[in-house]
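Biologist: Please take a close look at one part of this model and work outwards from there. I would like the burial, the contacts and the spacing in one connected account.

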Amino acid sequence: MVKKYLKSIRIKNLALLGLIFWGLMLHNYSESFSFEIEHLLLFVCVIITTASGYLINNYFDLNSDKINN
């Protein structure tokens, strides 16, 4: 069951998104980057929003997946 959930939220895509997010944060604030709680909260919000979008997409695609295999 956990395997299906991780496949449903596309964990590899979320990991790649996380790498891109932190890479851009380091790039944009390369001169004076200091870790703040706001950065972590923004990261968590982006990951949770993306994962929920994947779940909603999978839910609404169930009927078309049955038709198209």
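Modeller: L62 is partly exposed, because its relative accessible area of 44% falls between the 20% limit for buried and the 50% limit for exposed. This is a predicted model, and the values below are computed from it. L62 belongs to helix α4, which covers residues 62–68. Along the chain, L62 is 17 residues from C45, and the C-alpha atoms of these two residues are separated by 26 Å. A second pair can be set beside that one: V46 and K66 are 20 residues apart in sequence, with 30 Å between their C-alpha atoms. V46 is located in helix α3, and its relative accessibility of 27% makes V46 partly exposed.

Helix α3 is the part to look at in detail. Its span along the sequence is residues 37–60. With 24 residues, α3 reaches 35 Å from its first C-alpha to its last, close to the 34 Å expected at 1.5 Å a residue.

On the side of accessibility, I37 lies in α3 and counts as exposed because its relative accessibility is 52%, over the 50% cut-off. I37 is also one of the residues of a nonpolar surface patch, together with F35, L40, L41, V44 and I48. The accessible area of this patch adds up to about 560 Å².

The buried residues of α3 are H39, I47, A51 and Y54. What covers them includes two other helices, α1 (2–8) and α2 (11–28). An α-helix has 3.6 residues a turn, so residues three or four places apart point the same way.

H39 is a case to examine among these buried positions of α3. Its relative accessible area is 13%, under the 20% limit, so H39 is buried. Leaving aside residues up to four places away in sequence, H39 is in contact with F21, W22, M25, Y29, F33 and S34.

The other buried residues of α3, I47, A51 and Y54, appear again in the largest nonpolar core, which has five residues in all: I9, L14, I47, A51 and Y54. The element that gives the most to this core is α3, with three residues. From I47, contacts run to L14, L17 and G18, again not counting residues up to four places away in sequence.

Y54 also leads to α1, by way of S8. The position of S8 is in helix α1, and S8 is buried, since its relative accessible area of 17% is under 20%. Beyond four places in sequence, S8 touches Y54, L55 and N58.

After α1 comes R10, located in the loop between α1 and α2. R10 is not a glycine, yet has a positive phi of about 55°. At 29% relative accessibility, R10 is partly exposed.

To put α3 together: I37 is exposed at 52% and takes part in the nonpolar patch, whereas H39 is buried at 13%. The buried residues of the helix have α1 and α2 among their cover, and α3 supplies three residues to the largest nonpolar core.

Conventions
Residues numbered from 1 in each chain as written. Predicted model: local features only at pLDDT ≥ 70, side-chain atom pairs only at ≥ 80, totals over all residues. Heavy atoms only, no water. Patch = residues over 30% accessible without salt bridge, like charges linked within 9 Å, V, L, I, M, F, W, Y side chains within 5 Å. Areas by Shrake-Rupley, 256 points an atom, 1.4 Å probe, with all protein chains shown as cover. Salt bridge = Lys/Arg side-chain N within 4 Å of Asp/Glu carboxyl O. Helix = DSSP H or I, 4+ residues; strand = E, 2+ residues; numbered from the N terminus. Buried < 20%, exposed > 50% of the residue type's maximum accessible area, 1.4 Å probe, protein only. Contact = heavy atoms within 4.5 Å. Core = buried A, V, L, I, M, F, W, Y, C linked by side-chain atoms within 4.5 Å. Expected span 1.5 Å × (residues − 1).
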